[in-house]
Amino acid sequence: MPSETAVKTRVELYPLLAGIAAATDLVSPVLVNHHRRVAFVAAALGSNLGLNQEELRRLILAAAVHDIGGLTVGTRLEAFEFEVATPARHTLPGASLLAGFAPFAELARIVRFHHLYWQHGRGGAEEGEEVPRLSHIIHLADRVAVQIDPTREILAQQREIVARIKAGSGEMFAPDQVEAFLELAGREAFWLDLTSPGVGAILEQRFPLAALEFDRGQLLALAEMFRRLIDFRSRFTATHSSGVAAVASALAARSGFMPADPDRIMIAGWLHDIGKLVVPAEILEKRQGLASGDLAIIYKHPYYTGEILRPIPGFEDIGQWGSLHHERLDGSGYPFRMKGEEIPQGARILAVADTFTALMEDRPYRCGISAAGTERIMRDMVEYHRLDRDFVGLVHENISEINDRRHEAQLAADQAHLRFLEECRLLAGSSEVGDRCPVSSRGQA
Ligand SMILES: [Fe+2]
Ligand SMILES: [Fe+2]
Ligand SMILES: [Fe+2]
């Protein structure tokens, strides 16, 4: 009989990464389809340059997530300037997030250098390290994509975009890569594919990538990497999903819910807020006074959790529970306004774990509430038929153990967040540390 660790899961990486990166492109209309467009141009360039299958695979995956470290809308829009003043603000976080998952170490290196100028060959190395030529290909592809003006006909822009890329040959871009681009750019169909709403599907059809097999440990590490991507966009959410995952898995274990696969509810806890990638970090950072326009954006997030996760083979249930974590038994939740029995057990566990964690942890506008206060609020929510009575009961029967697990998970995530900030050199001069609650997220009995 194969051991549990020998069980492999097939993961289609391109649709998974492209779906997640596409969500980050929804924070501003200017950015829509950016990652897919850059992946398309990079793949076409790589193919013209004669890259082998493995290089092409790495190029497409790296291009599909190249701006993933642009955690705020401001940083993302800055990367849309033709000459980016401080690219490290998004290339370092992107590389650091990707490097957290060992099989993506190569992608991290490519993303790290995707704004480096060629500098007549000096850009072939940086800080004593060889720079992958795939980074330079993405740089060129990216500079093509950022010049597209969505308000004008693309074929009327072809000439000026080409002229600007040509002018950058040698200093900005490697001349052989510019040559490969000129060959592509002469065909109208290239531009029409590039600006088609279906550019992602065109790319997948033209450059199909084989699925990879991950064992259990790798799958968990991949989900944890996405957890960091979701949470690290704001210091106020930096540890949230870790707490939810710890509480949800403790509840699942105690209730006998899916004893065969406790990983799934933990992954659902890590990823329940993945739809927040469509919410600008600037809104997550607000301390108080969310305007109705901000709430209109925040209310979208569980819907997008479902949109991002459900199409991924093997993640259907995780996507469903995640998309329903703000539903309430009396129908007062959002965005589906489901009621009672319509809401599955996994989603009820997440709703309880999310509420418990949100009350106990420090928020932008207040410090964590005491365990006694949390218990009162959650019991009221049961009485008003909002949260599941049995799961709330389980929390309170095991409050000190469950709260310890939440606290430990959030403490570990907090340490990981600090390391991330150091790696990204974001710590100095930021308010990331310092203005914290006096009793940081431990909660008082
Ligand atoms: Fe970029
Ligand atoms: Fe970009
Ligand atoms: Fe949420």
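A residue counts as buried here if 20 or more other C-beta atoms lie within 10 Å of its own. Keep that cut-off in mind as you click around, and remember that this is a predicted model.

**Stop one: asparagine 33.** Select asparagine 33, in the loop between helix 1 and helix 2 (34-48). Is this residue buried or exposed? Asparagine 33 has 21 C-beta neighbours inside 10 Å, so it counts as buried. Look at the backbone while you're there: phi is positive, at about 70°, although the residue is not a glycine.

**Stop two: the loop between helix 18 and helix 19.** Now jump to arginine 337, which sits in the loop between helix 18 and helix 19. Its phi is also a positive value in a residue other than glycine, near 55°. The surroundings are another matter: arginine 337 has 11 other C-beta atoms within 10 Å and is exposed, because the cut-off for exposed is 12 or fewer.

Stay in this loop and pick proline 335, which is found there too. Show the backbone from tyrosine 334 to proline 335: that peptide bond is cis, with omega near 5°.

**Stop three: helix 17.** Select residues 301-309, which make up helix 17. How many of its nine residues are buried? Seven are, so this helix is mostly covered. Colour the buried ones to see them: His301, Pro302, Tyr304, Thr305, Gly306, Ile308 and Leu309. To see what lies over them, switch on helix 1 (13-24), helix 14, helix 16 (292-298) and helix 18 (316-323), which are among the elements covering these residues.

**Stop four: helix 12 against helix 14.** Helix 14 was part of that cover, so keep it on screen and add a partner. Select residues 216-231 for helix 12 and 262-271 for helix 14. The two pack at an angle of about 20°, with axes 8 Å apart. An angle under 35 degrees counts as roughly parallel, and helix 12 and helix 14 are therefore roughly parallel to each other. The crossing of helix 12 past helix 14 is left-handed.

Which residues make the contact? On helix 12, show Leu220, Ala223, Glu224, Phe226 and Arg227. On helix 14, show Asp263, Ile267, Trp270 and Leu271. Colour this set by residue type and you get six nonpolar, three charged and no polar residues.

While the side chains are on, here's a handy bit of background: an α-helix has 3.6 residues a turn, so residues three or four places apart point the same way.

How values were computed. Residues are numbered from 1 along each chain as its sequence is written. Chains are lettered from A and ligands numbered from 1 in the order in which they are written. This is a predicted model: local features need pLDDT of at least 70, side-chain atom pairs count only at pLDDT 80 or more; totals for chains, interfaces and linings use all residues. Axes are lines fitted to C-alpha atoms, for helices over the stretch in contact, and angles run from 0 to 180 degrees between N-to-C directions. Helices (H or I, at least four residues) and strands (E, at least two) are DSSP runs, numbered from the N terminus. Angles under 35 degrees count as roughly parallel, over 145 as roughly antiparallel, 65 to 115 as roughly perpendicular and the rest as oblique. A crossing is left-handed if the near helix is turned anticlockwise from the far one by less than a right angle, and right-handed if clockwise. Two residues are in contact if their C-beta atoms, placed from the backbone, lie within 7 Å. Ala, Val, Leu, Ile, Met, Phe, Trp, Tyr, Cys and Pro count as nonpolar, Asp, Glu, Lys and Arg as charged, and the others, Gly among them, as polar.
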